[in-house]
Amino acid sequence: MENIQKHYKVYFSVKYGVKFGQSISLIGDKEQLGQWKTPKVNLSWSKGNIWVLNDPVKLDSPKFCFKYVVVEGGNVVRWEEGDDRKIDLEAALQGESKTP
C-alpha cells in the first residue's frame, strides 16, 4: 500500500491597524512558518486594515501553531499577545474545531 503525503494549502487574514511603515507577518512552529525564529509569511494590506495572504502556505501537517507579529524595518516589533493560535485543519474540516 502506498503512503501518500497530504499537503494543506492555508490562507491567513487578520484585521489589525498598524503605524505607517509597519506590516503584519506571522510566525509559527513549522519550517514554512519560520519555526518561531524568523517570520516567513508576510501579509498584504487591504482596505479596512485587513491583512491577507494572497498565495497559500503549503503545509505537510494539518496541525500547527502560530502568532501574528508586527514588523518594521525587517524586525519584529510586537508579538500577538496571549496563547499561540493552535490549528487542526482536519478537525476543522469535520466541524470539530473552533479556532480563534
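Strand S8 (63-72) and strand S9 (75-79) each contribute at least two residues to the lining of the largest pocket. S8 is the top contributor there, with three residues. Keep in mind as you explore that this is a predicted model. From the pocket, we can follow S8 to its partner strands, then visit a separate sheet and a loop with some unusual backbone angles.

**The largest pocket**

- The space inside the largest pocket comes to about 160 Å³.
- Its lining is made up of Val14, Tyr16, Ile24, Tyr68, Val69, Val70, Arg78, Trp79, Glu80, Glu81 and Arg85.
- Sorted by class, seven of the lining residues are nonpolar and four are charged, while no polar residue takes part.

**Tyr68, a lining residue to look at first**

- Tyr68 belongs to strand S8, and it is one of the residues that line the largest pocket.
- Is Tyr68 buried or exposed? Its relative accessible area is 8%, so it counts as buried, a label for values under 20%.
- Leaving out residues up to four places away in sequence, Tyr68 touches Phe12, Ser13, Val14, Ile24, Ser25, Leu26, Leu43, Arg78, Trp79, Glu80 and Arg85.
- Several of these names may look familiar: Val14, Ile24, Arg78, Trp79, Glu80 and Arg85 are contacts of Tyr68, and they are also listed in the pocket lining.
- Tyr68 and Gly28 are 40 residues apart along the chain, and their C-alpha atoms are separated by 8.8 Å.

**Strand S3 and its partners**

- Strand S3 (22-28) is mostly covered, with six of its seven residues buried.
- S3 runs antiparallel to S8, and seven bridges join the two.
- On another pairing, S3 meets strand S4 (41-42) in the antiparallel sense over two bridges.
- Ser25 is a handy residue for finding both pairings: it stands opposite Val69 in S8 and opposite Asn42 in S4.

**Ile27, a buried residue of S3**

- Ile27 sits in strand S3.
- How much of Ile27 is accessible? The relative accessible area is 1%, so Ile27 is buried, being under the 20% limit.
- Setting aside neighbours within four places in sequence, Ile27 is in contact with Leu33, Trp36, Lys37, Thr38, Pro39, Cys65, Phe66, Lys67, Val69 and Trp79.
- Among these contacts of Ile27 are Val69 and Trp79, which also appear in the lining of the largest pocket.
- Lys40 lies 13 residues from Ile27 in sequence, and the two are 6.7 Å apart in space, C-alpha to C-alpha.

**Strand S10 and its alternating side chains**

- S10 is another antiparallel partner of S8, joined to it by four bridges.
- Within this pairing, Phe64 has Ile87 in S10 as its bridge partner.
- Which side chains of strand S10 (residues 85-88) are buried? Arg85 and Ile87 point to one face and are buried, whereas Lys86 and Asp88 point to the other face and are not.
- In a regular strand, the side chains alternate between the two faces of the sheet.
- Arg85 links this strand to the pocket story, as it is one of the lining residues.

**A three-stranded open sheet**

- Three strands form an open sheet in the order S2-S6-S5, and their pairing is antiparallel.
- Strand S2 (13-15) and strand S5 (44-46) are the edge strands, each pairing on one side only.
- On average, neighbouring strands of this sheet are turned by 25° against each other, direction ignored.
- S2 and strand S6 (residues 50-52) run antiparallel and are joined by three bridges.
- Val14 has Trp51 as its bridge partner in S6, and Val14 also helps to line the largest pocket.

**Positive phi angles in a loop**

- Gln35 lies in the loop between S3 and S4, and Trp36 has its place in the loop between S3 and S4 too.
- Gln35 is not a glycine, yet it has a positive phi of about 50°.
- Trp36, also a residue other than glycine, has a positive phi near 65°.
- Gln35 is partly exposed, at 42% relative accessibility.
- Trp36 is likewise partly exposed, with a relative accessible area of 31%, and it is among the contacts of Ile27.

Terms used: Residues numbered from 1 in each chain as written. Predicted model: local features only at pLDDT ≥ 70, side-chain atom pairs only at ≥ 80, totals over all residues. Heavy atoms only, no water. 1 Å grid on protein atoms, 1.4 Å probe; cavity = no way out; pocket = protein on both sides within 12 Å on 5 of 7 lines; lining within 4 Å. Points joined across faces, edges and corners; volume = space filled by probe spheres on them. Nonpolar A, V, L, I, M, F, W, Y, C, P; charged D, E, K, R; others polar. Pairing = 2+ DSSP bridges. Axes fitted to C-alpha atoms, helices over the stretch in contact; angles between N-to-C directions. Buried < 20%, exposed > 50% of the residue type's maximum accessible area, 1.4 Å probe, protein only. Contact = heavy atoms within 4.5 Å.
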